Amino acid sequence: MMARIVVFLAGVVFAAGLVIGGMTDPKKVQAFLDIGGIASGRWDPSLAFVMGGALMVAAIAFALLPKRKKPWFATGFDLPTVRRIDKALLAGAALFGVGWGLAGYCPGPAVASLTTGGMDIALFLPAMLVGMVLTKRFLQARAT
Amino acid sequence: MHPYLQSLIGGVLIGVATWLLLAAMGRVAGISGIVTSAFTEREGRDWRWAFIAGLIVGGALFAWLFNAVSIAPRSPGLLIAAGLLVGVGTVLGSGCTSGHGVCGLSRASVRSLAATLTFMGAGMATVATLRAFGALA
């Protein structure tokens, strides 16, 4: 029970960061990606500060915590170990980037906007979930 | 408050949440991975749904507190296509803005750097294209 409460709170704090940082505002996201507007002063670089702030804190966490014997509520640290840069990684990232640019939502803000995103999210989120689950099933089927 | 400072504070909160999840479960806070596995895997379903519930409740609470916007009316077809691309792309590419952009980069992963540069580049090219066709406000 304690584990669930702490993880729930982590989700709440994550969402707070997304909302306060501006990541849940699709117009702001697109204004950040709009580097064609740098010369005219239209470009809004503020989302770079979201990433900078998150990296500062997360880098310390990843430097310190995995040295501990184990997390509070799990038997060990379970962190990604794949280092390969392959076609799937780059093609996937490219497709994701196109979708992100088109709508201004990445997965975290899309989920955090469930109750506030109106028709935008009513269309975007189910499509995203379908894409995720089908792709995962496809990759799993191919691997076996 | 200056918008840059506000964004920096938002980023620090995302970092704190990442710290919390790592300390509690020993996992990276990659949202696309957490959401996908919540639907497709039996193991770890509890903590993943607890985190997702926190995201939804926190998103509602702070949008209300800060009067934040998350709507920009677009054509339904564009939103559905964008959702599919984000869903397929993040699973094929093993991560999104949080998993690669925050967790991967803070672990000095070259793989995540390659992914982050790719999705940022693709996002920028897409917005430039939208603007070229006059499809951006």
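Reader: How many residues does each chain bring to the contact between chain A and chain B?

Author: Good place to start, and keep in mind that this is a predicted model. Both chains take part in the contact: chain B brings 98 residues, and chain A brings 100 residues.

Reader: Which element of chain B gives the most to the side that touches chain A?

Author: Several helices share the job, since α1 (3–25), α2 (31–40), α3 (45–66), α4 (76–92), α5 (97–106) and α6 (110–132) of chain B each give two or more residues. With 22 residues, the element that gives the most is α1(B).

Reader: By class, how many residues on that side of chain B are nonpolar, polar and charged?

Author: Let's sort the side of chain B that touches chain A into the three classes. The charged class has 6 residues and the polar class has 28. The nonpolar class has 64.

Reader: What does the secondary structure of chain A come to?

Author: Following the sequence of chain A, you read the pattern α-α-α-α-α-α. The count is therefore 0 strands and 6 helices.

Reader: And what pattern does chain B follow along the sequence?

Author: Chain B comes to 6 helices and 0 strands. Its C-alpha atoms fill a box of roughly 45 × 35 × 30 Å along the principal axes. Read along the sequence, the pattern is α-α-α-α-α-α.

Reader: What percentage of the residues of chain A count as buried?

Author: First picture the chain: the C-alpha trace of chain A spans about 50 × 35 × 35 Å along its principal axes. Chain A has 144 residues, and the part of them that counts as buried is 54%.

Reader: What percentage of chain B is made up of buried residues?

Author: The same kind of count works here. Chain B has 137 residues, and buried residues make up 57%.

Reader: Are α2(B) and α3(B) parallel or oblique to each other?

Author: Here is the geometry: their axes come within 9 Å and cross at roughly 125°. The crossing of α2(B) past α3(B) is left-handed. An angle of 65 to 115 degrees would count as roughly perpendicular and one over 145 as roughly antiparallel. The angle here falls in neither range, so α2(B) and α3(B) are oblique.

Reader: Which residues of α3(B) does α2(B) meet?

Author: On the α2(B) side you will find B:Ile34, B:Val35, B:Ser37 and B:Ala38. By class, this contact has 6 nonpolar, 1 polar and 2 charged residues. The partners in α3(B) are B:Arg45, B:Arg48, B:Trp49, B:Phe51 and B:Ile52.

Reader: In which hand does α4(A) pass α6(B)?

Author: This pair joins helices from chain A and chain B, with axes that come within 7 Å and cross at roughly 35°. The contact includes A:Phe96 and A:Trp100 of α4(A), and B:Phe119 and B:Met120 of α6(B). By class it has 14 nonpolar, 6 polar and 1 charged residues. As for the hand, the crossing is right-handed.

Reader: Which residues touch the most other members of the largest nonpolar core?

Author: That core has 91 residues, and its top members come from chain A and chain B. One of them, A:Phe124, touches A:Ala103, A:Tyr105, A:Ala110, B:Leu79, B:Ala82 and B:Gly83, leaving aside residues up to four places away in sequence. The residues that touch the most other members are A:Val7, A:Ala10, A:Phe124, B:Ala17 and B:Leu21.

Reader: How many of the residues of α5(B) are buried?

Author: The buried residues of α5(B) include B:His100, B:Val102 and B:Leu105. They pack against α3 (46–64) and α5 (107–112) of chain A, together with α1, α2 and α6 of chain B. The helix is mostly covered, with the number of buried residues being 10 of 10.

Reader: Which residue with a positive phi follows α5(B)?

Author: Look just past the end of this helix. The phi there is near 55°, and the residue is B:Ala108.

Reader: Why does A:Pro66 count as partly exposed?

Author: A:Pro66 lies in the loop between α3 and α4 (87–103) of chain A, where it touches A:Phe77 and A:Leu79, not counting residues up to four places away in sequence. To be buried, a residue needs 20 or more C-beta neighbours within 10 Å, and with 12 or fewer it is exposed. A:Pro66 has 15 inside 10 Å, so it counts as partly exposed.

How values were computed: Residues are numbered from 1 along each chain as its sequence is written. Chains are lettered from A and ligands numbered from 1 in the order in which they are written. This is a predicted model: local features need pLDDT of at least 70, side-chain atom pairs count only at pLDDT 80 or more; totals for chains, interfaces and linings use all residues. Two residues are in contact if their C-beta atoms, placed from the backbone, lie within 7 Å. Helices (H or I, at least four residues) and strands (E, at least two) are DSSP runs, numbered from the N terminus. Ala, Val, Leu, Ile, Met, Phe, Trp, Tyr, Cys and Pro count as nonpolar, Asp, Glu, Lys and Arg as charged, and the others, Gly among them, as polar. Axes are lines fitted to C-alpha atoms, for helices over the stretch in contact, and angles run from 0 to 180 degrees between N-to-C directions. Angles under 35 degrees count as roughly parallel, over 145 as roughly antiparallel, 65 to 115 as roughly perpendicular and the rest as oblique. A crossing is left-handed if the near helix is turned anticlockwise from the far one by less than a right angle, and right-handed if clockwise. A nonpolar core is a set of buried Ala, Val, Leu, Ile, Met, Phe, Trp, Tyr and Cys residues joined through C-beta atoms within 7 Å.
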